Amino acid sequence: MNANEPSPLRFRGKVDFQSHYLPPAYLEFLREHYPGNPDGYPTPDYWTMDWQREKMDLLGIGYALLELSSPNVFLPQVGDCLRLARAVNDQGAAMAESDPSRFGLIATLPLPWTEASVGEARRALDELGADGVGVTTNHHGVYLGDPRLDPVMRELDDRGAMAIIHPTAPPVTVPGACDGLALPAFEYFVETTRAFANMVLNDTFAKFPNVRWVVPHAGAFASILADRFDGFALMLRFADPDRRADYMAAMAHVYFDLAGFSEPKQLGDLLDNVPDTHLLYGSDTPYTPIEAVLGQARALEGTDKLTEAQKRMMFTGNALAVNPKLASVPDLARAAVEPAPAVEPAPDAAGERAQGRRERRHVRLLRDLFPRRRVSVPVPVPPHEAVPKIADAVAEAASVRFAPDPGDDPALVGRYVAKIASPVGAITVPVIICYDDATRATFHGKAKVMGRVASFRDGRRDGPLHTFGVSVRLPFGMLDVRLEASLGADGRVTGRAVAPNRKPMALTGRRVERI
């Protein structure tokens, strides 16, 4: 099919989460600092707003979020970088403002300069009306997840802002490997996966749960590596029970655009790890040739991995939760709930006039149904509004759970930190022991295993030896451990832990004032 012919796509009102734009300030920057082909790929300097509108109509896109692609706006001097980011954002805001029902701005930040980025984020979101901010996988070698970026993450978290990630060139490449291959073909996927994993390892998603993250290209290799990485992350939690490093929880927390070639293979892997409410559409125009963009849109419309309702969610409905202001755009609100028209065979020459009459009747019907009215459509509670309440409730519950019960006598309470020498590394287990009465013959309490709190009863003391069992549900299933621990007068703990189908494991520890 010729890319300029009318599109047979059924779903209209798509929301595009990967729509790149090239404002004059950015093109000038590229010509000066990145002549030729940045990242081994030509810059589509033919892009214009008219071109964008034409392709949106072709693809059935109702709303596009304009964001920069790689290499973004990094400059070695913070003042220069900030001036460039401001110029790009001002021009992008003007473009979006020219047609606000169809375009939104994803603001650029002068990262890795944190103070300047916090200021520009405030200006873009408050004054320019940006829909969110865009960040790259690394900013001159400073990767997402790096604690140095925490001030920016905190600002975005406080606002419940949307942040869209895009891959860029890695700071170091391997000489002689994949020479001549444009970076988007392979390195972009490595970059996206590396940045996502780094954010998991540094608990970025746990520390800043209100940011509405959008990860590109169906998560790159994230789904393929999910089980493997989660297994290794579990070992990290052995040594630090308060560390999250929860790869699977992070995958379920963020959103994924399906730009690129997500169908026929990536989408299936993604659906094994991600709820269907977290899938979003992305075209990757103008960098991906329009023929390929059309082919991928057709593949997503025709996939058997999603139901018709799930496709509406992916193309439009989920976007209303990520970007709640879109619910006020009538065309998008309707597209989120109204079934797409069935595929009809193309009319032959004799039937073209009848087809035209049917289309005119359809237009008249719509005008009769919606005469200058705004259509109110219920949408899910925006995640950034629900997450703080959920996080507060979880934190409160956790603090209550891992503490002596209200009826326990403080004089009969002891707190310990034990380490179990397991075959995969030391497991740190904080334990609270509460004696049932002054005889100290029996006790109950709580233990924290890899962040999960388990209560236990029927603990027994025989001299210094304390024996009790802990049962806790972990990601891989239930873990039952029997502990035999001798408590010395000096507060030291020695003993062993026994789990089913395992050899006894040595246990050491000490008494602490608080946990």
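Me: Let's start with a proline: in which loop is the place of Pro112?
Reply: Happy to help, and please keep in mind that this is a predicted model. Pro112 is joined to Leu111 by a cis peptide bond, with omega about 10°. Its place in the chain is the loop between strand 3 (103–108) and helix 4.

Me: Which residue is joined to Thr285 by a cis peptide bond?
Reply: Most peptide bonds are trans, so a cis one is worth a look. Here the bond has omega near 0°. The residue on its far side is found in the loop between strand 10 (279–280) and helix 11 (290–302). Thr285 is joined by this cis bond to Pro286.

Me: Are helix 4 and helix 5 roughly parallel or oblique?
Reply: Two packed helices are described by the angle between their axes and the distance between the axes. The axes of helix 4 (residues 114–126) and helix 5 (residues 150–159) come within 8 Å and cross at roughly 25°. Angles under 35 degrees fall in one class, and therefore helix 4 and helix 5 are roughly parallel.

Me: How many charged residues are in the contact of helix 4 with helix 5?
Reply: Helix 4 passes helix 5 in a right-handed crossing. On one side the contact is made by Thr114, Ser117, Val118, Arg122, Leu125 and Asp126 of helix 4, and on the other by Pro151, Val152, Glu155 and Arg159 of helix 5. By class, four of these residues are nonpolar and two are polar, while the number of charged ones is four.

Me: Is helix 11 roughly antiparallel or oblique to helix 12?
Reply: The axes of helix 11 and helix 12 (residues 308–322) come within 9 Å, crossing at roughly 140°. Roughly antiparallel needs an angle over 145 degrees. That cut-off is not reached, so the relation of helix 11 to helix 12 is oblique.

Me: How many nonpolar residues are in the contact of helix 11 with helix 12?
Reply: From helix 11 come Ala297, Leu300, Glu301 and Gly302, and these meet Lys311, Met314 and Phe315 in helix 12. Sorted by class, one residue is polar and two are charged, and the nonpolar count is four.

Me: Is His217 buried or exposed?
Reply: You will find His217 in the loop between strand 8 (212–215) and helix 8 (226–239). Residues farther than four places away in sequence that His217 touches include His166, Pro167, Phe189, Asp257 and Asp284. Its relative accessibility is 6%, which means that His217 counts as buried.

Me: With which side chain does the side chain of His217 make a polar contact?
Reply: The candidates are easy to narrow down: Gly260, Gln266 and Gln18 are among the residues that His217 touches. The polar contact from the His217 side chain spans 3.1 Å, and its partner is the side chain of Gln18.

Me: Which residue, 67 residues from Ser69 along the chain, has its C-alpha atom 8.4 Å from that of Ser69?
Reply: Ser69 is in the loop between strand 2 (61–67) and helix 3 (78–97). With a relative accessible area of 4%, Ser69 is buried. Beyond four places in sequence, Ser69 touches His20, Tyr26, His166 and Tyr287. The residue whose C-alpha atom is 8.4 Å from that of Ser69 is Thr136.

Me: Is Cys178 buried or partly exposed?
Reply: Cys178 is in the loop between strand 7 (162–166) and helix 6 (187–201). Its phi is positive, about 60°, although Cys178 is not a glycine. The relative accessible area is 46%, and therefore Cys178 is partly exposed.

Me: What is the relative accessible area of Asp203?
Reply: Asp203 is another non-glycine residue with a positive phi, about 55°. Asp203 lies in the loop between helix 6 and helix 7 (204–207). The cut-off for buried is under 20%, and Asp203 is buried, with a relative accessible area of 15%.

Me: Which residue follows helix 2?
Reply: Helix 2 (residues 49–59) has buried residues including Met49, Trp51, Leu58 and Leu59. Their cover includes strand 1 (14–20), strand 2, helix 3, strand 3 and helix 11. After helix 2 comes a residue with a positive phi, near 75°, namely Gly60.

Me: To finish, what percentage of the residues in the protein is buried?
Reply: The protein has 15 helices and 18 strands. Of its contacts with a separation of 6 or more, 67% are between residues 24 or more positions apart. Among the 515 residues, the buried share is 51%.

How values were computed. Residues are numbered from 1 along each chain as its sequence is written. This is a predicted model: local features need pLDDT of at least 70, side-chain atom pairs count only at pLDDT 80 or more; totals for chains, interfaces and linings use all residues. Side-chain values use heavy atoms; hydrogens and water are left out. Axes are lines fitted to C-alpha atoms, for helices over the stretch in contact, and angles run from 0 to 180 degrees between N-to-C directions. Helices (H or I, at least four residues) and strands (E, at least two) are DSSP runs, numbered from the N terminus. Angles under 35 degrees count as roughly parallel, over 145 as roughly antiparallel, 65 to 115 as roughly perpendicular and the rest as oblique. A crossing is left-handed if the near helix is turned anticlockwise from the far one by less than a right angle, and right-handed if clockwise. Contact means heavy atoms within 4.5 Å. Ala, Val, Leu, Ile, Met, Phe, Trp, Tyr, Cys and Pro count as nonpolar, Asp, Glu, Lys and Arg as charged, and the others, Gly among them, as polar. Buried means under 20% relative accessible area, exposed over 50%, partly exposed in between (1.4 Å probe, protein chains only). A polar contact is a pair of N or O atoms within 3.5 Å; within protein, one must be able to donate a hydrogen and the other to accept it, and residues adjacent in sequence count only if both atoms are side-chain atoms.
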